[in-house]
Amino acid sequence: MARIMLGLTAVATCCAAFLAGCAGPEPIAVPANLNVAPTQALSLELKATGVQIYRCATAKDDTSKFEWQFVAPEADLFDQGGQKIGWHYAGPSWESTDGSKVVGTVQAQNTGPDANAITWLLLSAKSNSGTGVFGRTQSIQRLQTVGGKAPADGCNQTALGKEARMPYRAIYRFYTAKS
């Protein structure tokens, strides 16, 4: 009887884990200024893992000072099953293994709940190419960021021109026109 109960417990645990995986992504509380137009619908949600690249340069507003300036992102994009389906890089651009691509332009920002992470963003598509997953994208949200901020120090005349690659993770949501 004890073996049957252990077996049933194991089956119930496996079923619960399976059903939790089927439930889909956790809801994210999106700040109002990052909401997409009501004429758009979520078409894809991806997880990004990579780096935000910064370069030590003279400060834009005071050439006697130095600061880390953002250069570009460099990240791999993964679907909900953990399958790599693309890349995120300068532009900002998102490119899929299916050949489609979207280049965005920032429309709004929000600091998000983690002061140690890069900002959350709303971007609109500046250009699209291909007929795959990014071919009809109209808007992109960057949410649930972890890490990626510029180094707090270390940018001085000695470090001028050096790069810092700061690890980050984020959720990217892609929106197309409602059908």
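Start at Val103 and select Ser127 with it: Ser127 in β6 is the bridge partner of Val103. The model on screen is a predicted one.

Widen the selection to the two whole strands, β5 (101-110) and β6 (120-129). They run antiparallel to each other and are paired over 9 bridges.

Next, go to the other partner of β5. Strand β4, residues 93-96, pairs with β5 over 3 bridges, also in the antiparallel sense. Pick Glu95 and look across to β5, where Lys101 stands opposite. Then select the turn: 4 residues lie between β4 and β5 in this hairpin, and Gly99, in the turn, has a positive phi of about 95°.

**The largest pocket**

Select Gln52, Phe70, Val106, Leu121 and Arg142. Of the 20 residues that line the largest pocket, these lie nearest its centre. Two or more lining residues come from each of β1 (40-58), β2 (66-78), β5 and β6. Colour β2 separately, since it gives the most to the lining, with 4 residues. The space in this pocket comes to about 340 Å³. Colouring the lining by class gives 13 nonpolar residues, 5 polar and 2 charged.

**The nonpolar cores**

Now select Trp94, Phe134, Tyr172 and Phe174. In the largest nonpolar core, which has 23 residues, these four touch the most other members. At least two residues of this core are supplied by each of β1, β2, β6 and β8 (163-177).

Centre the view on Phe174 and show what surrounds it. Beyond residues up to four places away in sequence, Phe174 touches a set that includes Leu42, Leu44, Leu46, Trp94, Val102, Phe134 and Ile140. Ala41, Ser43, Thr137 and Ser139 are also touched by Phe174.

For the second core, select Ile28, Val36, Ile171 and Tyr175. They are among the 9 residues of a core that is separate from the one just visited.

**Last stop: Ala41**

Select Ala41, which is in strand β1. Is Ala41 buried, partly exposed or exposed? Its relative accessible area is 29%, and because partly exposed covers the range between 20% and 50%, Ala41 is partly exposed.

Show the contacts of Ala41, leaving out neighbours within four places in sequence: Phe174, Tyr175, Thr176 and Lys178 appear. Phe174 is one of the four residues named above for the largest core, while Tyr175 is in the second core. To finish, draw a C-alpha to C-alpha distance from Ala41 to Ser139; the two are 9.5 Å apart in space and 98 residues apart in sequence.

Terms used
Residues numbered from 1 in each chain as written. Predicted model: local features only at pLDDT ≥ 70, side-chain atom pairs only at ≥ 80, totals over all residues. Heavy atoms only, no water. 1 Å grid on protein atoms, 1.4 Å probe; cavity = no way out; pocket = protein on both sides within 12 Å on 5 of 7 lines; lining within 4 Å. Points joined across faces, edges and corners; volume = space filled by probe spheres on them. Nonpolar A, V, L, I, M, F, W, Y, C, P; charged D, E, K, R; others polar. Core = buried A, V, L, I, M, F, W, Y, C linked by side-chain atoms within 4.5 Å. Buried < 20%, exposed > 50% of the residue type's maximum accessible area, 1.4 Å probe, protein only. Contact = heavy atoms within 4.5 Å. Pairing = 2+ DSSP bridges.
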